[in-house]
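User: I'd like to learn how to read the features of a protein model, one at a time. Could you walk me through some examples?

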Amino acid sequence: MYLIQNLAFFDIQLPISDPVLIFAIVMLIILLAPMVIKRLKIPGLVGTILAGTIVGPSVLGLLERDQTIILLGTVGLLYLMFMAGLSLDLNKFEKLRNKSLIFGFISFFIPQLSAIPIGLYVLDFDIWSSLLLGSIVGSHTLLAYPIANRIGITKNTAVTMAMGGTIVTDMLSLSILAIVANSIGDATGVGFWVTFVVFALGYLALVVFAIPKLGKWFFRNVRNESNTQYVFLIALLFTTAFLAEQVGLASIIGAFLAGLLLNRLVPESGTLMSRVQFVGDAYFIPFFLISVGMLVDVGVMIESWDVWIQTGLFTALVVFGKGIAAKISQLIFGFTSNEGWAIAGLTIPQAAATLAVTLVGFEIGLFSQTSVNAVVIMILITCMIGPYIVERYGKLVALEESKRAYSSADAPERILIPLANPATAEALMDIAMIIKKKNSEDPLFPLTVARDSDNVAEQVAESEKMLSHAVVHAAAAEVPVIPVTRVDMNISNGIIRAVKELRISHVVIGWNGLISARQRIFGTILDQMLEDTDEMVLVSKIDHPINTTAKVVLMIPPYLDREPGFKNALSTIKNLVIEIGADLEVVGTRNNQTIIKELIEKTDPEVQSKYILLEKWSGLLKDERLSFDEEDLLLLLSTRKGTISWDENLERLPRIIAQNYPNLNFVTVYPSEAVVDSGFIQNIRFARSTIIPSIRSQHVSFNLDSISAEDALKDILERAFGDNPLHLSEIVERILAKDIDNYSGELPGVVLTTTRTRSVTQPTLFMGISPEGLFYPKVKGKVKLIFVLISPRGQTTQRSLNILANLARILASRKTVDKLAQSKTVKQIDEIFSEAQVKSKKSY
């Protein structure tokens with residue numbers, strides 16, 4: 001019986017049958033309900049469900065849950081599960097696989113196993129209903145993730161583990177649904193189960209093999225057509241869901257699988273993902289939520305206490321089950337108490353899988369109307385509890401994080417994209433959007449430079465067209481953009497001026513792979529820009545869509561780890577790998593494998609890496625272990641001329657790669673030469689202008705011939721630390737125990753080494769001279785010069801690297817080394833260094 005039988009004034013009979021009015025009401029609900037409910041600090045989806053209840057048959061009776069609502073609700077449910085699979089961060093799951101698996105099982109089975117006796121002995125459910133109840137309370141939805149993202153704790157290990165656990169709980173929940181749904185029919189004998197298992201495995205084999213292959217083929221051949229790509233995804237979604245239904249699996253399992261299998265082909269920050277989320281959030285999913293709200297029978301809620309008893313039990317199973325699982329995981333993995341509560345807050349909310357399983361359970365007759373009402377109310381309650389907990393304890397986790405050591409991955413980020421070719425503009429914008437950090441509020445800066453000439457107005461007008469396309473492309477992915485136009489007599493000068501004026505940190509620029517004999521590396525414009533900028537530059541040759549990349553091959557030449565921007569470059573590259581969902585293969589030389597592996601593993605974000613180690617860098621492209629497919633992306637870490645790791649062969653390598661692999665996506669990454677220290681970017685030219693500390697007379701020892709390395713070091717350091725012999729011996733032992741900072745064969749006759757102590761307040765350089773040479777551990781041949789840089793314990797490693805790099809650059813001259821080895825006074829040493837630095841500045 002409806003509370004309102006008709007609206008006589010408008011001559012409208014209830015329930016409304018006019019399709020235009022029905023659609024208008026639904027759109028108003030989708031618009032207004034979240035806006036109203038959010039004012040009460042309650043998630044918007046709760047408001048949409050409540051609105052569905054209010055306009056549904058049990059309250060106002062405005063709308064009937066007819067075939068149209070059921071159809072759109074089913075579409076919304078499948079779309080929701082598809083988005084859940086598409087949005088899961090598979091890389092985060094992989095990097096914390098063991099922790100996520102353990103947590104997922106704990107978080108699922110504690111509520112699941114608790115629900116079975118509650119269902120059997122308290123609620124008088126049968127075994128199948130009890131199992132399905134367990135799968136409902138065992139799953140969870142990351143409803144509070146936007147709060148965690150806003151607070152800035154999504155990179156926290158505990159939070160990442162909770163997000164990875166979502167895959168486990170959802171898969172377990174849907175697997176139990178499949179078993180239960182196929183166990184309540186008439187034919188459930190051995191023959192039925194054998195047939196079911198065979199068909200299910202055949203279906204899984206087909207979709208797991210076919211969907212990724214089909215997806216890669218489609219995206220490689222259909223480019224720059226976002227509408228067609230979106231329709232392709234939707235077609236695969238419903239085809240996979242239908243096939244799942246035909247083999248006895250629930251259609252929502254097929255939808256979830258489709259999302260998982262297409263996950264790596266749809267970058268989270270790309271235009272296509274933005275379109276998928278927009279249509280789902282604005283249209284399909286609200287229809288599903290409204291249809292769920294219409295299932296609620298308010299009359300049953302008022303007339304019977306059963307619904308409230310079930311609500312209390314369901315809510316208790318979720319809150320206590322998830323809370324206990326979070327605290328157990330906290331103890332197992334050593335998280336803080338605040339992190340434990342944040343995990344609980346993230347996993348308590350119930351929505352996606354819960355609603356999906358409940359609806360299927362209701363349709364196959366395992367749940368009554370009372371149980372559906374109870375589940376919907378439980379969802380409303382948990383959707384209020386979870387976000388509150390994350391809001392409260394997430395801030396405390398963020399406060400704990402802020403007290404930890406500064407990470408170079410948190411440096412400010414402003415990306416400039418110089419555009420010259422409309423055909424490659426979208427590809428360059430895609431790279432910029434992919435490497436852009438999720439928490440960065442800075443916009444992208446697409447740039448066009450017009451050469452100052454008689455037709456400059458025409459050039460600017462043409463440039464604005466290209467910029468408008470770039471802006472639209474980025475806007476479709478909801479990425480802020482500020483287009484920039486410059487007019488200059490020289491194109492490279494225009495780019496360099498924009499870099500300085502806009503305080504750019506990254507430059508993403510295109511390259512066609514062609515070069516003339518006169519040009520040094522990439523061409524006049526690019527070469528000049530590299531010469532006159534310090535910022536990270538990604539020179540990109542992109543021939544096919546980057547989201548189809550299967551493997552990223554990262555080449556790291558010797559000594560690149562010494563560059564000040566190396567860690568930032570690694571962080572950017574690893575972000576790119578995560579976003580495109582590819583495997584990472586690192587190619588380096590065996591002599592610095594330990595340092596490279598350690599730096600890669602310690603640099604955020606975490607990515608699983610495979611290593612190929614070369615005996616010699618010169619054998620790079622001849623190594624049989626290296627193979628490239630057209631689906632691979634090759635990244636070469638390089639460096640500018642004049643830096644410590646520069647080698648003339650590096651200048652030829654991009655040309656050789658482009659010639660040998662003309663159809664391969666290829667990006668040359670030049671790390672920044674600007675030092676990032678405590679969150680501020682200091683524009684210090686790493687290898688071109690940083691000054692080495694002056695060497696005081698008391699810090700130089702002459703004539704260290706015919707003595708051991710240990711005695712030589714004691715002689716060098718005695719005047720500074722001789723008043724504490726024990727401390728002096730400790731420093732010398734520490735220096736001898738570590739490898740020298742110039743690799744074997746680098747700077748013959750010279751030893752560069754560093755250590756730290758609290759006994760100095762600023763970097764102090766010590767020098768020892770042995771005209772005849774002495775033997776030093778692990779060094780071939782005799783050593784004539786020993787340099788020891790001692791830094792304060794609290795100082796960043798980067799400053800020490802700067803000093804060593806400049807010192808190494810000066811000592812690269814054999815003539816300078818010979819002069820220093822024959823020096824007799826500190827004045828002579830100063831003159832030799834001053835002369836070498838003047839020559840160095842003229843060289844660059």
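Analyst: Happy to; we will go from the overall fold to single residues, ring pairs, salt bridges and the surface. Keep in mind that this is a predicted model.

User: Let's begin with the whole. How many helices and strands does the protein have?

Analyst: The secondary structure comprises 29 helices and 18 strands. The protein has 844 residues, and 56% of them count as buried. Its exposed area is about 36800 Å², with carbon and sulfur atoms supplying 58%.

User: And what share of the contacts with a separation of 6 or more comes from residues 24 or more positions apart?

Analyst: That share is 79%. Ala356 gives you a local view of such contacts. This residue sits in helix α16, which spans residues 352-363, and leaving aside residues up to four places away in sequence, Ala356 touches Leu77, Met81, Ile252 and Phe288. Met81 is 275 residues from Ala356 along the chain, yet their C-alpha atoms are separated by 8.2 Å.

User: Is Ala356 buried or exposed?

Analyst: Here you compare the relative accessible area with a cut-off: under 20% means buried. Ala356 has a value of 0%, so this residue is buried.

User: What about a residue that falls between buried and exposed?

Analyst: Try Asp66, in the loop between α2 (44-55) and α3 (67-87). Its relative accessibility is 29%, so Asp66 counts as partly exposed. A polar atom of the Asp66 side chain lies 3.1 Å from the backbone nitrogen of Ile69. Ser505 offers another example of a side chain and a backbone nitrogen: a polar atom of the Ser505 side chain lies 2.7 Å from the backbone nitrogen of Arg414. Ser505 is in the loop between α20 (491-501) and β6 (506-510), and at 11% relative accessibility this serine counts as buried.

User: How should I read backbone phi angles?

Analyst: As a general idea, most residues other than glycine have a negative phi. That makes positive values worth a look. Asn703 has a phi near 55° and is found in the loop between β15 (700-701) and α25 (709-721). Lys778 has a phi near 70°, and its place is in the loop between β17 (764-774) and β18 (783-792). With 68% relative accessibility, Lys778 counts as exposed.

User: On to aromatics. How do I describe a ring pair?

Analyst: A pair of aromatic rings is described by the distance of the centres and the angle of the planes. The whole structure holds 17 aromatic pairs. In one of them, the ring centres of Phe218 and Phe219 are 5.9 Å apart and the planes meet at 85°, so this pair is edge-to-face. Phe218 is buried at 11% relative accessibility, and Phe219 is buried at 2%.

User: Why is the pair of Phe721 and Phe766 tilted?

Analyst: The planes of Phe721 and Phe766 are at 40°, with the ring centres 6.1 Å apart, so the pair is tilted. It links distant parts of the chain, with Phe721 in helix α25 and Phe766 in strand β17, 45 residues apart. Both Phe721 and Phe766 are buried. Ring pairs can also join into a cluster, as they do for Phe23, Tyr79, Phe82, Tyr283, Phe284 and Phe287.

User: How many salt bridges does a search of the whole structure find?

Analyst: The search finds eleven. Look at the N to O distance and at where the partners sit. Lys541 and Asp543 meet at 2.6 Å, N to O; Lys541 is buried, at 5%, while Asp543 is partly exposed, at 34%.

User: Which bridge links distant parts of the chain?

Analyst: One that does joins Glu585 in strand β9 to Lys551 in strand β8, 34 residues apart. Their closest N and O atoms are 4.0 Å apart. Glu585 is buried, at 6%, and Lys551 counts as buried at 18%.

User: And one within a helix?

Analyst: Arg734 and Glu730 form a salt bridge with the closest N and O atoms 3.8 Å apart. The two are four residues apart in helix α26, and therefore separated by about one helical turn. A network of salt bridges links Arg486, Asp488, Arg497 and Glu501.

User: Finally, which residues make the nonpolar surface patch of about 480 Å²?

Analyst: Leu28, Leu31, Leu32, Met35 and Val36 make that patch. Val36 lies in helix α1, residues 19-38, and is exposed, with a relative accessible area of 53%.

Notes. Residues are numbered from 1 along each chain as its sequence is written. This is a predicted model: local features need pLDDT of at least 70, side-chain atom pairs count only at pLDDT 80 or more; totals for chains, interfaces and linings use all residues. Side-chain values use heavy atoms; hydrogens and water are left out. Buried means under 20% relative accessible area, exposed over 50%, partly exposed in between (1.4 Å probe, protein chains only). Contact means heavy atoms within 4.5 Å. Accessible areas come from the Shrake-Rupley method with a 1.4 Å probe; for residues, only the protein chains shown count as cover. A polar contact is a pair of N or O atoms within 3.5 Å; within protein, one must be able to donate a hydrogen and the other to accept it, and residues adjacent in sequence count only if both atoms are side-chain atoms. Rings of Phe, Tyr and Trp (its six-membered ring) pair if their centres lie within 6.5 Å; planes under 30 degrees apart count as stacked, over 60 as edge-to-face and the rest as tilted. Patches are made of residues with over 30% relative accessible area and no salt bridge: like charges are joined within 9 Å, nonpolar side chains (Val, Leu, Ile, Met, Phe, Trp, Tyr) within 5 Å. A salt bridge is a side-chain nitrogen of Lys or Arg within 4 Å of a carboxyl oxygen of Asp or Glu.
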